[in-house]
Each structure stands twice: as structure tokens, then as C-alpha cells.
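Visitor: Please take me closely through one part of this structure, with its partners and surroundings, and give the cut-offs behind each term as you use it.

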Amino acid sequence: MTAKIRAKAQELLESGRLSCFIGYEEGTRGRVRPAFIYAPQDVDRLIWDERCTYNLVTYLHQFQSPRRQGEKLPPVGILVKPCDSYSLNVLFQEGQIARDRVYVVGLTCKGMKVNGQTQERCQRCAERVPLVYDVVLGRVPKTVGREDYADVAGMEGLSPGERLDFWMREFDRCIRCYACRQACPACYCFECVAEQLDPRWVGIAIDVPQKQFFHVMRAYHLAGRCSGCNACEEVCPMDIPLSLLNRKIAKEVEDLFDYRAGQDAETPPPLATFEKEEELPINV
Amino acid sequence: MTTDFEPPINIKGSEAPQIVGFLCRWCSYPGADLAGTSRLTYPPFLRIIRVPCSGRVDPLFVLKAFQDGADGVMVLGCHPGDCHYVEGNYHARRRYALMHRLLEYVGVERDRLLVDWVSAAEGRRFAAVTADFTAQMKELGPWGGKRVDS
């Protein structure tokens, strides 16, 4: 696979169609890190294995504005796993990036591993081939995961008081580094509510409810947009179970509006549209 | 004029729930006004914030109200189909259907957020909705997740 990716990247960069190819390279301490390849002779840095869990779609935002005034935005190549392809669809749908500016090299995926174990989110993943790609590399694995929201249902079984205690305990650890927001491909506002000064939504006091406010705000802003790539939870230095919050919303969006984020780039997002005659359970 | 309710000044704790009401400028706020001009009485614990439309009420407003000391939040708007801005309350309806479930999930009891439709002619209904909601809040008691200094 690594050889195929390198060959493809080299071909694309040599043809001059791309200015940059985003992939993975060997990092420090046995980890993998994103690689930005600008020249064909650098493609040997690229690798692909089961540690390549990061969602590279986040880095497309850096190629959103020209480096010099009047410069035409050059197309970018990117490696995309099935889960990342949802994020890409969300960006296409929201008009953040034009389809023809991205050359998508899709990769089939058996699931990413951490400490030799298949990640939980990959066990839940039902997609083995990216939904959007220009070329797809790799064989299609037979095994498919299934999402059953078991842990979310477990949370729902608790009483409101217990849930409040649980979340306050989890949010208490938050150091407000905002890495979850930074890693999120769908969080691309130039000025985040968390850093707005007027009105100042999120205060700077060392106070759990303010942390709670940030997290619920972040989760709600991703309602119907979060595709569950879990980048936020992976980067959290305090191990706050953010997927438990994100997936609750995904579950409810699916239940209320019959919608899953990132399935295609055409369906309007549920909270940006409405139907006049719809029965929605409010207050019940 | 006699009232059925104690003035809130000396009442504390669960007897005096802090309730914030976001009322739409075209229906629910005139509805509250009508309740007043009709000399209807309702519990005095509601702090009304007038907004242009229920669609203006960002779910963050509700979240912030809870964080800053509210025990209950009401979002009242025009009946679906009657929005002054044609579609604001349709958007609000979708947002709060989701917000309700999210708030419940993070530990705000479902009853603490009320989203309802009150027209400008429904002064009596406004008083009834407010009285019911206040009674509910008294039953639930103060919310546990507020800021310490609120």
C-alpha cells in the first residue's frame, strides 16, 4: 500500500496537477504524523499503516486562502480513509472547499489500531471504502463494523442527577486547550465562540460550568455535521469521552431527522432546513 | 388589586425558582402584555427577555442562562405558520427538538426547558403556561450545575 501511495503521489506531483500532497509520515516516539509533500523527490517520506488514524481533512483549511494576493488557489492531494470521506463531504456540502480543488486518494480501511487493538470507533464503522474519491487504492476488506450506540444507551439509562455528576466530573478535567476544536475538520470558524470577547460566551474562570458550556456548545455546533471521526477525543490530553457526547447528537439527529452527516454533499443539513408540517417531539 | 402570589423579594431556594423567558416580539411578548393589561396574575419569578423571533434564540442563550443561574428556561414564539418572519419558528422547532435531548443528556432535566407557542391573543394561555412551568420548577428545585457565583 505504501508503495502504491508513493507512486500515486509522485505521479500527481510530477504532472504538476497538485501543489501539495497531504499524507502520513513516520513521526517521533513510534508515532505517525501528517506529512505535507511539495516536491516529487520527497514522496518516500509517505507511509501507510494501522497507526494512520488522524483525519487529514482538517489540514485542507490551511489551503483555503491564497498565500499571495491574486494567486489562484492550487489543487491539493489528500489521503482519505472512509471516515475522513464523511468530513470531506461535510466541507463540500457547506461550500468550504470546491470539489475540483481537491484530488482525493481514497484508501480502503480495515480499521486503525492502537496498542495492537482495533480502535473502538473502527469496530463501529460500517464503511470500508471512502464515499468520495478520485482514485481508490487497496483491496476491500470483508469485515464490517456495526454502530449500536450501546455506551450512549447506557448513559441514557442513568438518572439526570447521575448524568450531571458524570459530565461535571469529566468536564472538570478539561484544561481548555481547545485541541478538540483545533483537530475537528468541521470546526473552521475564523473566530470561535469560545474566544469571542464581545459577547464573551465562555468565561475564563476556573469553573466547571464554564467548561461544560464550552463542551456542550462545541457538541451542538457539530449537530448534524459531526461524522464521528473521533479526532477530538484522540487529541484530548485529559481523555474526556467526547465521542459519548458527539454520538448522542448523531443518534438523535438520525432519530429526529433521518439524517447522517457526510453521506453525500447534496442533502441540506437538518438544522439549516425545515418542513412546515412536521411533528417534532418538543417538551416530551 | 389583590394577587394570588407572594412578592418574590423574601422568598429563597426552591420556593423562588429563577426562570428566564425568551419571548418573541410579535406573539408571545404581546401575549404577556395582554396578560398584564387583562389584570391576570401569574407567578412573579419569570424574567422576560424580549427577542425579535423564537428563531433568534440561539441554543447557546439557553445554555448560558442555565450556567448563569437559571433553574428553568422558557422559549415562547408564534404558533408554527404564524411567524412574522415566515420561517423563524420552524427553525426554532428543529433546533429545540434536538437541544432538549442534548440538555437532558448532560444533566438538565427535560422539564427545565419549555418551548411553546403563545400568540398575541393568548394572554390567558401565557399566564397558564407560566404558572404551570413555575409550579414544575418549584417541584424540581434548583438546578445543580450552575456557576458557583451565580
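Guide: In strand β3 of chain B (residues 72–77), B:Leu76 is the bridge partner of B:Leu23, and the two strands involved, β1(B) and β3(B), run parallel and are joined by 5 bridges. Strands here are DSSP runs of E with at least two residues, and helices are runs of H or I with at least four, both numbered from the N terminus; two strands pair if DSSP finds at least two bridges between them. This is a predicted model, in which local features need pLDDT of at least 70 and side-chain atom pairs count only at pLDDT 80 or more, while totals for chains, interfaces and linings use all residues. Residues are numbered from 1 along each chain as its sequence is written, and chains are lettered from A, and ligands numbered from 1, in the order in which they are written.

β1(B) also runs parallel to β2(B) (residues 46–51), to which 6 bridges join it, and within that pairing B:Val20 has B:Arg47 as its partner. Between β1(B) and β2(B) the chain passes through helix α1(B) (residues 28–37), in a β-α-β crossover that is right-handed, meaning that, with the strands pointing away from the viewer, the path from the first strand over the helix to the second runs clockwise.

As for its surroundings, β1(B) spans residues 19–24, and 6 of its 6 residues are buried, a term that requires 20 or more other C-beta atoms within 10 Å of a residue's own, with C-beta atoms placed from the backbone. In a regular strand the side chains alternate between the two faces of the sheet. Here both faces are covered, with B:Ile19, B:Gly21 and B:Leu23 buried on one side, and B:Val20, B:Phe22 and B:Cys24 buried on the other.

Beyond this strand, chain B also meets chain A, in a contact that takes 31 residues from chain A and 30 residues from chain B, where residues are in contact if their C-beta atoms, placed from the backbone, lie within 7 Å. On the side of chain A that touches chain B, α5 (160–172), α7 and α9 each supply at least two residues, and α7(A) gives the largest share, 8 residues. By class, that side has 23 nonpolar, 3 polar and 5 charged residues, with Ala, Val, Leu, Ile, Met, Phe, Trp, Tyr, Cys and Pro counted as nonpolar, Asp, Glu, Lys and Arg as charged, and the others, Gly among them, as polar.

Definitions and conventions: A residue is buried if 20 or more other C-beta atoms lie within 10 Å of its own, exposed if 12 or fewer, and partly exposed in between; C-beta atoms are placed from the backbone. Two residues are in contact if their C-beta atoms, placed from the backbone, lie within 7 Å.
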